[in-house]
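This report walks through a single protein chain, beginning with its charged side-chain pairs and moving on to its strands, its core and a few individual positions. Please keep the model in view while reading.

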Amino acid sequence: MTSFLHRNRTAVFGTAAALLVLLLSWGLTPVRVMRISYQKTGETILTHTVSLGDEVAVTLTHSFEHVPWNEYYLIQQDGSFLLKRIEVGGFGAGIPAEMDVPTYVGEDGLVHMDEINSVFPRFSWITSQINMKELLLNGQPVLDFSELPHHSFVTCEIITQRRLFHLG
């Protein structure tokens with residue numbers, strides 16, 4: 001009788017363990033995440049769940065010309081950023097003036113350059129509390145650069161994490 005209970009207990013525990021492993025492996029969902037981290041230490045500043053086609057925007061003030069500069073990217077399947085357009089307050093030092101893309105002055109007074117279609121695998125910045133403004137995801141602020149120490153070396157990249165039962 002003892003060996004029957006021992007065999008059944010072993011079978012029950014073995015089955016439970018197998019189900020737990022199956023459940024955990026089934027429940028580990030790949031999730032695409034935008035991660036911003038310090039280049040020198042690797043310390044994570046921010047992670048935010050993203051999806052294919054989400055728009056990432058960077059708003060800043062040009063360091064020399066002191067005019068608005070906004071960049072708009074789409075997240076691509078491979079996790080890179082596709083620069084779709086920029087908006088700048090004019091032309092001058094470091095501002096692209098002769099790109100072969102549709103260019104016009106918008107009602108906002110900014111020069112718009114569309115259909116740029118340059119690909120960036122990741123971003124690396126030296127932040128500025130004066131010139132860098134915000135990082136937006138689908139029009140919503142996710143990072144105010146003034147919250148970071150001035151002249152921080154940061155990286156922004158899209159990574160895939162596996163999370164247990166990720167919802168939405």
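## Salt bridges

In this predicted model, the structure holds four salt bridges. In one of these pairs the side chains of Arg35 and Glu157 meet, with a nitrogen-to-oxygen distance of 2.7 Å. Because Arg35 lies in strand β1 and Glu157 in strand β12 (residues 153–164), this pair ties together parts that are 122 residues apart in sequence. The two partners fall into separate accessibility classes: Arg35 is partly exposed, with a relative accessible area of 25%, whereas Glu157 counts as buried at 16% relative accessibility.

Glu157 also takes part in a salt bridge with Arg122, where the closest N and O atoms are 3.8 Å apart. This pair links distant parts of the chain, since Arg122 sits in the loop between β8 (118–120) and β9 (123–126) while Glu157 belongs to strand β12, with their positions 35 residues apart in sequence. Arg122 is itself partly exposed, with a relative accessible area of 45%. Arg35, Arg122 and Glu157 are accordingly linked in a network of salt bridges.

A further salt bridge is formed by Glu55 and Arg85, whose closest N and O atoms are 3.5 Å apart. Here, too, distant parts of the chain are linked, with Glu55 in strand β3 (residues 55–61) and Arg85 in strand β5 (residues 81–88), 30 residues apart. Both side chains belong to residues that count as partly exposed, Glu55 at 24% relative accessibility and Arg85 at 26%.

## Chain layout and surface

The protein chain contains one helix and 12 strands, and, read from the N terminus, the helix comes ahead of the strands. Of the 168 residues in the protein chain, 36% are buried. Among the contacts with a separation of 6 or more, 55% are made by residues that lie 24 or more positions apart. The area that the protein chain exposes is about 10,200 Å², and carbon and sulfur atoms supply 58% of it.

## The hairpin of β1 and β2

Strand β1, which spans residues 28–38, pairs with strand β2, residues 44–49, in the antiparallel sense over five bridges. Within this pairing, Met34 has His48 in β2 as its bridge partner. The hairpin has five residues between the strands, and Gly42 takes a positive phi near 80° in it. Strand β1 is also the element that holds Arg35, the partner of Glu157 in strand β12.

## The nonpolar core

In soluble globular proteins, nonpolar side chains tend to be buried together. In this model the largest nonpolar core has 29 residues, of which Val56, Phe81, Trp125, Leu135 and Phe145 touch the most other members. At least two residues of this core are supplied by each of β1, β3, β4 (68–75), β5, β7 (111–113), β9, β10 (132–137) and β12. The largest share, four residues, comes from β5.

Which residues does Leu135 touch, when those up to four places away in sequence are not counted? The contacts of Leu135 include Met34 and Ile36, then Val56, Ala57 and Val58, and also Trp125, with Gln140, Pro141, Val142, Leu143 and Phe145 completing the list. Among these neighbours, Val56, Trp125 and Phe145 are named with Leu135 as core residues that touch the most other members.

## Two individual positions

Thr59 has its place in strand β3 and counts as buried at 15% relative accessibility. Leaving aside residues up to four places away in sequence, Thr59 touches Trp69 and Asn70 as well as Met132, Lys133, Glu134 and Leu136.

Gly89 lies in the loop between β5 and β6 (103–105), and, at 32% relative accessibility, this glycine counts as partly exposed. Although Gly89 and Val67 are 22 residues apart in sequence, their C-alpha atoms are 4.9 Å apart in space. With residues up to four places away in sequence again left out, Gly89 touches Val67, Pro68 and Leu110.

How values were computed:
Residues are numbered from 1 along each chain as its sequence is written. This is a predicted model: local features need pLDDT of at least 70, side-chain atom pairs count only at pLDDT 80 or more; totals for chains, interfaces and linings use all residues. Side-chain values use heavy atoms; hydrogens and water are left out. Two strands pair if DSSP finds at least two bridges between them. Buried means under 20% relative accessible area, exposed over 50%, partly exposed in between (1.4 Å probe, protein chains only). Contact means heavy atoms within 4.5 Å. Accessible areas come from the Shrake-Rupley method with a 1.4 Å probe; for residues, only the protein chains shown count as cover. A nonpolar core is a set of buried Ala, Val, Leu, Ile, Met, Phe, Trp, Tyr and Cys residues joined through side-chain atoms within 4.5 Å.
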